[in-house]
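Please look at the structure shown here and follow the explanation below one part at a time, keeping the sequence at hand as you read.

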Amino acid sequence: MNQIEIQHLNKNYGALQVLHDISLDIPVGAFVALVGPSGCGKSTLLRTIAGLETITSGTIKVAGEVVNDKAPRERDLAMVFQSYALYPHMTVEQNMSYSLRLRRRPKAEIDERVGEAARILGLEKLLKRRPKQLSGGQRQRVAMGRAIVRKPKVFLFDEPLSNLDAALRVQMRSEIRKLHKNLGATSVYVTHDQIEAMTMADLIVVLHDGRIEQIGRPLDLYRRPANRFVAGFIGSPA
Ligand code: ADP
Ligand code: MG
C-alpha cells in the first residue's frame, strides 16, 4: 500500500519547466529522502505534494485519493521548514497549538496534544518562551512540535537541519527518525546532504534538473548507481 503516489507530474513556472515527468510511489511508513543539488526542484516537488504549488499536469494521490485540487489544509500532512517559520510574537505553546486553534479543536484536546508533543520533544519547560529566547535546536523542536500536534499521516521536511551546527544535526537526525517511527508516519525528507540521506532514509530519490535519476535503497544506490551523476552525488566509486 502506498501513502503517496505521484504520476507523470510536470511543473512549470511560466516558460521554465522545473519538474519533468515525475512518477514516484511512497509506501506507507517509509522514510524517503529527496536529494539533489541546489535548484534541481526538491522544494518544488515537496511543495506540490503539500498543495502549496499548483501542478501543470499529472496526478498526486495521498492515501489513494487524488489531491490535485485540494487545499493544503485539506491534505493530511504537515510540513517542517528549514527556516522554522515560527511566529515570533507567539509563545512556544501558542506556536504549537496554532493549527489546532485554527481548526477550532476543543481546548482540552489542544492542551492534551500540545502537552504530549512537548513531552515527546523535551519542551515542557519552554512552553511560555518566545522563539527569540530559544536556541536553534530548541526552535527546530518547536517547529516539529507544531507539525506533530495534528498527528498527520505524512510529514514533509524541507532541509530542516541545515541551520544547525554539525553536532546538533547528528542528534536531530536520530530524533526525527525516532519521531517518524513512533508516530507511524510516512515522511518525505528533502536534503542536499548525502550523509543525511544515507543514514536516515529507507529509500532515496535522486533528482537532477527536475528529473528523477534513480530511486533505491541507500546501499543499492551506493553499490549500483544508475549513472555517473548518481555515483558522484552519493559518493560511491563508479
Ligand atoms: P531546490 O529545492 O532543489 O534547491 P527549487 O525547487 O527551489 O530547488 O527550485 C527549482 C527551480 O525552480 C530553480 O530553477 C528555481 O529557480 C525555480 N523556482 C523555484 N521557485 C520558483 C518560483 N516561485 N518562480 C519561478 N521559479 C522558481
Ligand atoms: Mg530547496
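**Confidence, ligand and helices**

This is a predicted model, and across the protein chain the pLDDT averages 92, with 98% of the residues scoring at least 70. The scores for the model are an ipTM of 0.98 and a pTM of 0.91. Where pLDDT is low, the predicted coordinates should not be read in detail.

We can begin with the surroundings of ligand 1, where the shell is made of Tyr13, Leu16, Val18, Gly36, Ser38, Gly39, Cys40, Gly41, Lys42, Ser43 and Thr44. At least two residues of this shell come from strand 2 (16-27), and at least two come from helix 1 (42-50). Which element gives the most to the shell around ligand 1? Helix 1 does, with three residues. Sorted by class, the residues around ligand 1 are four nonpolar, six polar and one charged.

We can now turn to a pair of helices. Two packed helices are described by the angle between their axes and the distance between the axes. For helix 2 (residues 92-102) and helix 3 (residues 107-121), the axes come within 10 Å and cross at roughly 135°, which means that helix 2 is oblique to helix 3. The crossing of these two helices is right-handed.

Which residues of helix 2 and helix 3 meet? From helix 2 come Glu93, Met96, Ser97, Leu100 and Arg101, and they meet Ile110, Arg113, Val114 and Ala117 of helix 3. Taken by class, this contact of helix 2 with helix 3 has five nonpolar, one polar and three charged residues.

Note on methods. Residues are numbered from 1 along each chain as its sequence is written. Chains are lettered from A and ligands numbered from 1 in the order in which they are written. This is a predicted model: local features need pLDDT of at least 70, side-chain atom pairs count only at pLDDT 80 or more; totals for chains, interfaces and linings use all residues. Axes are lines fitted to C-alpha atoms, for helices over the stretch in contact, and angles run from 0 to 180 degrees between N-to-C directions. Helices (H or I, at least four residues) and strands (E, at least two) are DSSP runs, numbered from the N terminus. Angles under 35 degrees count as roughly parallel, over 145 as roughly antiparallel, 65 to 115 as roughly perpendicular and the rest as oblique. A crossing is left-handed if the near helix is turned anticlockwise from the far one by less than a right angle, and right-handed if clockwise. Two residues are in contact if their C-beta atoms, placed from the backbone, lie within 7 Å. Ala, Val, Leu, Ile, Met, Phe, Trp, Tyr, Cys and Pro count as nonpolar, Asp, Glu, Lys and Arg as charged, and the others, Gly among them, as polar. A residue is near a molecule or strand if its C-beta atom, placed from the backbone, lies within 6 Å of it. pLDDT is the predictor's confidence in each residue, from 0 to 100.
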